[in-house]
Amino acid sequence: MLSAEARPYIDASVPVLREHGVTITRTFYRNMFAEYPEFTNLFNMGNQANGSQQQALAAAVFAYAANYGNAEALAPVVERIVHKHVSVGITAGHYPIVGRHLLGAIEQTLGEAATPPLMAAWREAYGLLADALITAEKALYAELHIQPGDFEKMRVVDVQVQSELVTSFTLQPEDNDRAIQFKPGQYVTVAVNLGEGRRQMRQYSLSDAPGKNSLRLSVKRQPADAEIPAGQISNWLHDNLTTESVLEVGVPVGEFTPDAEGTEPIVLLSAGIGITPMISVLNRIAEVHPQRMVIFGHATRDKANHSHRSDVGQAQKLMPNLRVVTFYERPDVEDLSETVRDGHMDIAALGDWPRADTNVYLCGPLPFMQIQWQHLIEAGVPASNLHREIFGPEMLDHLL
């Protein structure tokens with residue numbers, strides 16, 4: 001627990017971090033990578049290039065300062081960080097290095113305002129957070145029976161084009177034919193060696209039900225645009241993977257795990273590549289409780305960008321109480337029907353469900369989830385029934 005002496009200084013840091021957070025985190029990453037260039041192999045350098053990682057860390061530091069006394073609010077954030085850290089092999093030895101550079105960046109950015117009592121308070125706060133993360137990560141490593149940085153070689157056995165930009169890769173372990181268990185909604189980390197000592201890791205949601213002797217990943221090719229560079233690893237996977245290719249893959253992790261085993265109604269809402277974990281959930285429900293009431297809403301640009309239509313179609317054949325509604329931003333007239341709508345996702349078009357008692361799961365770009373979250377609240381869904389997964393750095397807008 002944060003000491004009484006430190007609390008006023010952390011409280012006073014909230015407006016400062018709001019104003020200078022991104023500058024602090026940019027300084028932090030720049031200084032740390034300069035001293036430890038090998039750390040670039042642990043971080044998504046694409047997110048570094050587009051600035052989202054710096055913004056996310058600033059949001060995390062600010063959220064911690066604003067909520068350090070609210071364990072209930074911070075617990076989901078901590079759990080997400082723990083799973084992400086385990087997925088890339090973070091160890092206790094990384095924390096002193098990160099702490100030194102983060103505190104140094106605060107001091108460098110704030111200058112004379114970084115008084116000794118303020119910095120002492122932040123050293124204490126960082127130490128408490130680091131200890132909590134180290135303890136939780138050690139427990140998760142033990143639960144998964146792995147050591148930090150463990151990866152398994154898996155062979156590509158099938159490649160399926162799902163849409164204009166999305167391709168699925170089915171992988172099997174090279175050394176055995178065991179059934180692979182995970183929770184629908186989870187992801188794995190893929191490690192790619194780019195030569196000259198450069199190695200990058202990316203996380204991809206699993207897009208099929210567990211219990212098979214394989215894993216299926218659905219990867220969206222990320223072309224460059226005016227605001228962000230091309231996705232280095234997504235493009236590499238699309239351009240290089242064929243059947244018989246071998247990848248290094250981590251164990252499945254992730255705290256976003258919609259209840260696929262229950263029988264109560266469930267609502268699954270996604271946009272774009274956010275459909276992938278929802279397909280894993282849907283396929284599992286079709287296996288174990290095909291009579292379950294499921295609302296499956298998906299939003300995408302158009303039919304050409306609509307991934308996993310065959311999975312949804314197969315589920316519809318097996319699940320009489322499955323309600324599917326799709327929203328195309330740019331539909332062709334012949335695509336429109338009672339279940340294919342024009343425009344952005346509209347909660348009213350999904351039909352009725354017991355809003356006070358039903359869990360709703362969201363996955364997709366942050367703006368999509370922010371809008372739908374607000375619309376769901378306005379429609380009478382309690383915030384406690386809303387759950388979300390974000391691909392990429394978490395902006396923590398719900399805590400700011």
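Colleague: Is the crossing of α4 and α6 right-handed or left-handed?

Modeller: In this predicted model, α4 and α6 cross in the right-handed sense.

Colleague: At roughly what angle do the axes of those two helices cross?

Modeller: Roughly 55°, and the axes of α4 (residues 71-88) and α6 (residues 116-144) come within 9 Å. The pair is therefore oblique.

Colleague: Which residues of α4 and α6 meet?

Modeller: From α4, Val78, Ile81, Val82, His83, His85 and Val86; from α6, Leu133, Ala136, Glu137, Leu140, Tyr141 and Leu144. By class, that contact of α4 with α6 divides into 9 nonpolar, 2 polar and 1 charged.

Colleague: Now α1 and α3. How far apart are their axes?

Modeller: The axes of α1 (residues 7-35) and α3 (residues 52-67) are 8 Å apart, and the helices pack at an angle of about 155°.

Colleague: Parallel or antiparallel, then?

Modeller: Roughly antiparallel, because the angle is about 155° and anything over 145 counts as such. The crossing of α1 with α3 is right-handed.

Colleague: Which residues in α1 meet α3?

Modeller: Ile10, Val14, Leu17, Arg18, Gly21, Val22, Thr25, Arg26, Phe28 and Tyr29. On the α3 side the list includes Gln53, Gln54, Gln55, Leu57 and Phe62. The contact of α1 with α3 has 12 nonpolar, 5 polar and 2 charged residues.

Colleague: On to the sheets. What is the strand order in the one with antiparallel pairing?

Modeller: β4-β3-β6-β1-β2-β5, an open sheet of 6 strands. Its edge strands are β4 (198-205) and β5 (215-220), each pairing on one side only. From one strand to the next, the twist averages 40°.

Colleague: How many bridges join β1 to β6?

Modeller: 4 bridges, between β1 (residues 152-161) and β6 (residues 246-249), and the two run antiparallel. Within that pair, Arg155 has Val246 of β6 as its bridge partner.

Colleague: Which strands does helix α7 lie across?

Modeller: α7 (residues 232-240) lies across β2 (166-173), β3 (187-195), β4, β5 and β6. Relative to β4, α7 runs at about 85°.

Colleague: And the sheet with parallel pairing, what order does it have?

Modeller: That open sheet of 6 strands goes β10-β9-β8-β7-β11-β12. β10 (340-342) and β12 are at the edges with a single partner strand each, so one side of each has no neighbour in the sheet. The twist there averages 15° from one strand to the next.

Colleague: How many bridges join β7 to β11?

Modeller: 5 bridges, with β7 (residues 266-271) running parallel to β11. Ile266 stands opposite Asn359 in β11.

Colleague: What about β11 and β12, in which sense do they pair?

Modeller: Parallel, over 4 bridges between β11 (residues 359-363) and β12 (residues 386-389). The chain gets from β11 to β12 through helix α10 (residues 366-378), and that β-α-β crossover is right-handed.

Colleague: Which residue in β12 stands opposite Cys363?

Modeller: Glu389.

Colleague: Last one. Where does helix α9 lie?

Modeller: α9 (residues 309-318) lies across β8 (294-300) and β9 (322-328), and runs at about 150° to β9.

Notes. Residues are numbered from 1 along each chain as its sequence is written. This is a predicted model: local features need pLDDT of at least 70, side-chain atom pairs count only at pLDDT 80 or more; totals for chains, interfaces and linings use all residues. Side-chain values use heavy atoms; hydrogens and water are left out. Two strands pair if DSSP finds at least two bridges between them. A crossover is right-handed if, with the strands pointing away from the viewer, the path from the first strand over the helix to the second runs clockwise. Axes are lines fitted to C-alpha atoms, for helices over the stretch in contact, and angles run from 0 to 180 degrees between N-to-C directions. Contact means heavy atoms within 4.5 Å. Angles under 35 degrees count as roughly parallel, over 145 as roughly antiparallel, 65 to 115 as roughly perpendicular and the rest as oblique. A crossing is left-handed if the near helix is turned anticlockwise from the far one by less than a right angle, and right-handed if clockwise. Ala, Val, Leu, Ile, Met, Phe, Trp, Tyr, Cys and Pro count as nonpolar, Asp, Glu, Lys and Arg as charged, and the others, Gly among them, as polar.
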